[in-house]
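Good morning, and thank you for joining this short presentation. Please take a moment with the sequence and the model before we begin.

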Amino acid sequence: MPSTIHRDASDAAARPAAGPIARLGGLALALALAGAVPDAAQAAEGGAGFYLLGSKGPAAAVMPPAGLYFQNDVYFYSGSLGGATRLPSGGRLAVGVDGKAAFVLPTLLWVAPGEVLGGSLGLSVTLPLGWKETAADLTLEGPLGGAARADVQDDVFTVGDPVLGGMLGWSQGNLHWQVGTLINVPIGDYQDGQRSNVAFHHWGIDLYTGMTWLDPGTGLDISGVVGVTFNAENPATDYRTGNEFHLEAAVSKNFSPTTSAGIVGYYYDQLTGDSGDGASGPFKGQVSALGLTFSHTFMVQERPVATRIKYFHEFDARNRAEGDVLILTVSVPL
């Protein structure tokens with residue numbers, strides 16, 4: 001089953017923050033923020049794309065049998081980034097940003113009976129609900145010495161944009177392959193001017209394809225998914241996140257029909273820079289991650305309940321937060 005939701009939630013917005021104002025040498029910190037914080041923050045508005053990095057894993061391209069399924073992903077993220085910008089006056093602004101997030105991502109998946117183009121057709125809908133917090137520690141150093149600090153922080157708990165999904169999968173022997181799309185529908189609770197937002201307030205579409213080699217004899221599972229996300233402009237901020245490339249891979253071993261463990265990872269690279277009147281520069285984000293996964297399936301009233309845990313540690317980030325991701329997944333046929 002797909003964990004089809006958007007948002008990888010490392011979050012520090014590229015918009016100026018509201019908060020305490022400290023003056024140094026006649027220069028207001030608020031004016032420095034207006035010009036310098038975007039340069040020290042991330043690419044992608046809010047520091048995240050709507051495709052959820054790490055959502056795929058073992059058996060990523062294997063379609064389940066026809067029927068209706070419920071899946072819930074519980075997603076945790078904690079990350080940070082820092083940077084410094086020279087100001088026209090000769091001063092220096094240092095920015096440290098910490099982002100945290102916790103979401104639940106309930107998904108309904110329907111797999112149609114019969115064949116469509118020789119394969120299996122699946123349709124899904126996801127409604128994210130969660131909490132995000134962004135905290136920035138800002139230090140302004142004047143050209144003649146001295147420094148001033150300000151802390152900016154906000155958080156939110158609300159409903160995000162629903163995500164619609166469609167996928168078509170085929171199999172032949174041990175080989176399974178799939179193509180699919182995800183659509184971000186901008187009707188969630190979005191607050192203009194707030195640094196932490198669960199909703200994205202813009203249309204987006206992700207196109208992906210995946211492949212799995214699953215050998216029942218040895219229990220070996222090798223899976224990979226590659227895709228590109230295309231983003232429309234956020235009309236509230238005049239900000240358009242650039243097109244985003246994502247690659248996810250997993251190698252795992254099924255030790256029994258109910259238990260498996262393995263290695264997972266992802267790579268993200270922004271193909272085009274951010275644009276629009278609300279963007280201060282053509283930033284491009286990039287990050288890699290590696291981690292571990294474990295799964296176990298058990299029976300509840302004669303229904304199989306599949307559970308999986310995935311942990312990722314991010315590294316080699318550029319124009320993007322770097323942190324740790326934990327995803328807990330539970331899925332059951334209805």
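Asn 234 counts as buried, because its relative accessibility is 0%; buried here means under 20% relative accessible area, exposed means over 50%, and partly exposed lies in between, with a 1.4 Å probe and protein chains only. Asn 234 belongs to the loop between strand 11 (220–231) and strand 12 (244–256). Helices (H or I, at least four residues) and strands (E, at least two) are DSSP runs, numbered from the N terminus. Which residues are in contact with Asn 234, leaving aside its neighbours within four places in sequence? They are Glu 45, Tyr 190, Phe 200, His 201, His 202 and Tyr 239, where contact means heavy atoms within 4.5 Å.

I should state the conditions. This is a predicted model, in which local features need pLDDT of at least 70 and side-chain atom pairs count only at pLDDT 80 or more, while totals for chains, interfaces and linings use all residues. Residues are numbered from 1 along each chain as its sequence is written, and side-chain values use heavy atoms, with hydrogens and water left out.

The pLDDT, which is the predictor's confidence in each residue from 0 to 100, averages 82 over the chain, and 78% of the residues score at least 70. Over residues 1–41, however, pLDDT stays under 50; for this stretch the model has 154 contacts beyond four places in sequence.

Let us turn to the whole chain. Its secondary structure comprises one helix and 16 strands. Of its 334 residues, 51% count as buried. Among contacts with a separation of 6 or more, 68% are between residues 24 or more positions apart.

Next, the interior. The largest nonpolar core has 38 residues; such a core is a set of buried Ala, Val, Leu, Ile, Met, Phe, Trp, Tyr and Cys residues joined through side-chain atoms within 4.5 Å. Which element gives the largest share of this core? It is strand 4, with six residues. The residues with the most contacts inside the core include Tyr 75, Phe 103, Tyr 266 and Phe 312.

Those four residues also appear in aromatic pairs. The structure holds four such pairs: rings of Phe, Tyr and Trp (its six-membered ring) pair if their centres lie within 6.5 Å, and planes under 30 degrees apart count as stacked, over 60 as edge-to-face and the rest as tilted. Tyr 75 and Phe 103 make a tilted pair, 6.2 Å centre to centre with 50 degrees between the planes. Tyr 75 is in strand 3 and Phe 103 in strand 4, so this pair ties together parts 28 residues apart in sequence. Both Tyr 75 and Phe 103 are buried. Tyr 266 and Phe 312 are likewise tilted, at 5.0 Å centre to centre and 45 degrees between the planes. Their pair links strand 13 with strand 15 (residues 303–318), across 46 residues.

Finally, the charged side chains. The count comes to one salt bridge, defined as a side-chain nitrogen of Lys or Arg within 4 Å of a carboxyl oxygen of Asp or Glu. Its partners are Asp 269 and Arg 318 (3.9 Å, N to O). Asp 269 lies in strand 13 and Arg 318 in strand 15, so the salt bridge ties together parts 49 residues apart in sequence. Asp 269 counts as buried at 19% relative accessibility, whereas Arg 318 is partly exposed at 41%.
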